[in-house]
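Please look over the protein shown below, first as a whole and then at a few chosen places. The paragraphs that follow lead from one view to the other.

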Amino acid sequence: RRELLRTALADLLEVSPVESVGDALTAITAVTIEAALRTARARVADQHGRQPQTRLCVVAMGRFGGGELSYASDADVMFVHEPLPGADTAAATESADAIVRELRRLLEMPAHDPPLLLDADLRPEGRSGAMVRTLDSYAAYYRRWSSTWESQALLRAAPIAGDLEVGARFTELIDPLRYPEGGVDEAQVREIRKLKARMEAERLPRGADPALHTKLGRGGLSDVEWVVQLLQLRHAHEVPGLRTTGTLEALRAAVEAGLLDSEDGTTLETAWRLAARVRGAVMLVRGKPSDSVPKSLRDQAILAGALGYRGDEEEGAVGRMIQDYRQATRRARAVMERVFYDD
């Protein structure tokens, strides 16, 4: 709770840049999960009368894996475990399942602190798949069934809690999938582009202004991230700097490697930073999450003040904020359309 307050104050006072805020929120979440995981493991050991015969790791995914959490983000995760030598695999998996159930219960139960929701929908087979898998099970699945969208999702996978040796072995397992030798082929590139177009058409909330939606809107977070991730899937096998889960770090590596024009890189980074700042500030000033710039002038004025816009007239500050956001994201959208659909 103290760290959340410290982070929010540093954000509002513009002491910390947006990437430092993301780092801090990610660290708070990771430490919270680690503490809850230790408690969950101890409780399962008490219930079963012995220590679980497996080693469990929590793997961060999405913006959590990228170190880019915002104040209202769920934590995207996957769970991987490895039975101890000589342990029965079925019994070990049952223990791992029990630990994960208790972990989620502890993090979501009513308390003074906000609940921490663990979203495991990026796991193999999604909601219909097993919540916890062994390393061997992940290997068998990815060897036989892995799809392009899963390779893209794994770009942001990073072990963050539990047994990090198991996490390191999981990382070794997925590296050939997310950094494929020779890069993704043209059929896979077309599939990624179709997925992006489908997401834009289906996931933007009804009534939302595409020009002012920070996550899925034109030139917003998603546009920048999909550009970066396509560059990673195509070139990370030969450009070590692209083997990172962070959006801005990968963006800079792409520019340094000559895969992206420096001016285009600056345009994308500016829009991503602004969209992330606006998204976080909306949560801080309204006390509830939203991915869109608020519609009421009163809320817009409070948001503009939180973002550092000052002026004698309320409407003037709001106007400058909206103009800056539209301009930055419009330019980023133009770069996205040119780079993402480069042929």
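**From a loop to the whole fold**

Valine 239 sits in the loop that runs between helix H9 (221-235) and helix H10 (247-256). The model in which we find this residue is a predicted one. Although a loop might be expected to lie open, valine 239 counts as buried, because its relative accessibility is 15% and the cut-off for a buried residue is under 20%. Leaving out residues up to four places away in sequence, valine 239 touches Ala257 and Leu259. Its C-alpha atom lies 8.2 Å from that of alanine 253, a residue 14 positions away along the sequence.

With this loop in mind, we can step back to the whole chain. The protein contains 13 helices and five strands, and its C-alpha trace spans about 70 × 50 × 35 Å along the principal axes. The radius of gyration is 21 Å, which agrees with the value near 20 Å that a compact globule of 343 residues would have. Of these 343 residues, 50% count as buried. When contacts with a separation of 6 or more are considered, 68% of them join residues that are 24 or more positions apart.

The outside of the protein can be described in a similar way. The accessible surface comes to about 16,900 Å², and carbon and sulfur atoms account for 49% of it. The protein carries 46 positive and 52 negative side chains, and the centres of these two sets lie 4 Å apart.

One of the negative side chains is worth following in detail, and where does glutamate 82 lie? Glutamate 82 belongs to strand S2, which covers residues 75-83, and it counts as buried because its relative accessibility is 16%. The side chain of glutamate 82 is joined to that of arginine 169 by a polar contact of 2.3 Å. If neighbours within four places in sequence are set aside, glutamate 82 is in contact with Thr54, Arg55, Leu135 and Val166 as well as with Arg169.

A last stop is glutamine 300, which is found in helix H12, made up of residues 297-306. Glutamine 300 also counts as buried, since its relative accessibility is 13%. What does the side chain of glutamine 300 reach? The side chain reaches the backbone oxygen of proline 294, at 2.8 Å. Not counting residues up to four places away in sequence, glutamine 300 touches several others, including Val293, Pro294 and Lys295 on one hand and Val318, Met321 and Ile322 on the other.

How values were computed
Residues numbered from 1 in each chain as written. Predicted model: local features only at pLDDT ≥ 70, side-chain atom pairs only at ≥ 80, totals over all residues. Heavy atoms only, no water. Helix = DSSP H or I, 4+ residues; strand = E, 2+ residues; numbered from the N terminus. Rg over C-alpha atoms; globule rule 2.2 N^0.38 Å. Buried < 20%, exposed > 50% of the residue type's maximum accessible area, 1.4 Å probe, protein only. Contact = heavy atoms within 4.5 Å. Areas by Shrake-Rupley, 256 points an atom, 1.4 Å probe, with all protein chains shown as cover. Lys, Arg positive; Asp, Glu negative; His and termini not counted. Charge placed at Lys NZ, Arg CZ, Asp CG, Glu CD. Polar contact = N/O pair within 3.5 Å; in protein donor to acceptor, adjacent residues only side chain to side chain.
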